[in-house]
Amino acid sequence: MTGSENIARPPEDAEARRSVAPVICYPNDALPRPDLPWMRSVRQRAAKTGEVLVPPREARCFDVPAGHFFRITSVEGPQVGDLNLWNRNDLSERFYSGKTRALHGTHLTIGERMWSSFPHLRPMATIIADTLEWYGIDAYGGSVHDVIGTRCDPYTGNLLSGTQYHHCCHSNLTRALADYLNIPMDEAEPAVHDVLNVFMCTGFTRDTGRYFMKASPVRPGDYLEFFAEIDLLGNLSACPGGDCSSEHSSDTAACYPLLVETFAATATDLDGWESPARNGYDRTHGR
Ligand SMILES: [Zn+2]
C-alpha cells in the first residue's frame, strides 16, 4: 500500500475552506511601542565602553547594563551569529524566541524587540538600527535575522549523520557561558536557549513548508544594534556555517569573526527612564 492511498478524499467544500482569509494572531498595534527617536538620540551621545571579537566557530559573552547599547558587526567576511540573552541578575529570565516570533513575525528588524520567557514576558532588547533592513522578503520568502531556527547543535548532527562535532553554536554558547560565569558545563548547557539568528537568511519553502537557509546578504560593515531594556548578559556564537550558504555542522564553511561593541548612555540621558516592568499576570492560573 502506498501512502497516497491513505490520503482522505477532499470534502466538497475543500476550496471554500482553503480560501478563508487568515487573521493575524497577535495584532501588534496593541504592543507597547518603543520610543525609537528617544533611544536614537540617547545613542548619539553614548560612549563606547568595550568590545569583544567573537572568533569563528566560538562564542563570547558580554554584559550590557539597562539603558546601554550593543552593536553586532560583520567584519572580514559574511558570517551569521547565534545570539542568546539573559537577565544578568536572573538567568531564568531568558530570550523567548517562540513568543517573539508570534508577536513580531519570523524575522526581526528596527523597532522590534526580543521578549523574555514566562513569567516575565517583557522586552529585553529593542532593535534600533539594522543595515540589512533593505533586504525585506525575497522571492523565496527568505529574510534576515530570524527567530524560526533554534541554533545548530551536535544532537541533531548526531541524529542525522552520527557525527560528534563540537563547534555547533549550541556547544560554543555552552562553553562561553561556562567560562564567563565560571560554572560547570552541565549547569551552563540547560541555560542555553533558542537564538536570534543574526544576519542569517532563512524562510520556509512555500510548497512543503520546510525550513531553508541561503547565503546571507551580510557584508563587512553591516550591523545590527540594540537598546538594552534590562541588565543583559549576551552570548554570541560565530556559527560554523559561516554565511550559511551550504552546511552548518562541520568545519567545511569559510567562517569569520563577529564584533560586539557596547556603548553607555550618559547618566542624565536615562533620568526618568526605567526598565519595563515584569508581566502583570497574577500567576494564580485559576486556583
Ligand atoms: Zn550555528
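Two strands pair if DSSP finds at least two bridges between them. Helices (H or I, at least four residues) and strands (E, at least two) are DSSP runs, numbered from the N terminus. This is a predicted model, in which local features need pLDDT of at least 70 and side-chain atom pairs count only at pLDDT 80 or more, while totals for chains, interfaces and linings use all residues. Residue numbers start from 1 along each chain as its sequence is written.

Select Met-114 and Ala-125: Met-114 stands opposite Ala-125, which is in E7. Then show E6 and E7 (residues 123–130) whole; they pair in the antiparallel sense over three bridges.

Widen the selection to the open sheet of six strands, with the order E1-E13-E3-E11-E7-E6 and antiparallel pairing. Its edge strands, E1 (47–54) and E6 (113–115), each pair on one side only. Neighbouring strands in this sheet are turned by 20° against each other on average, direction ignored.

Next select helix H2 (residues 36–45), which packs on the sheet and touches E3 (69–74), E7, E11 (223–228) and E13 (258–264). Residues are in contact here if their C-beta atoms, placed from the backbone, lie within 7 Å. The direction of H2 makes about 75° with that of E7; axes are lines fitted to C-alpha atoms, for helices over the stretch in contact, and angles run from 0 to 180 degrees between N-to-C directions.

Finish at Leu-232, in strand E12 (residues 232–238). Not counting residues up to four places away in sequence, Leu-232 touches Val-64, Leu-85, Arg-88, Met-124 and Ala-125. The C-alpha atoms of Leu-232 and Leu-85 are separated by 6.5 Å, with the two residues 147 apart along the chain.

Key: Two residues are in contact if their C-beta atoms, placed from the backbone, lie within 7 Å.
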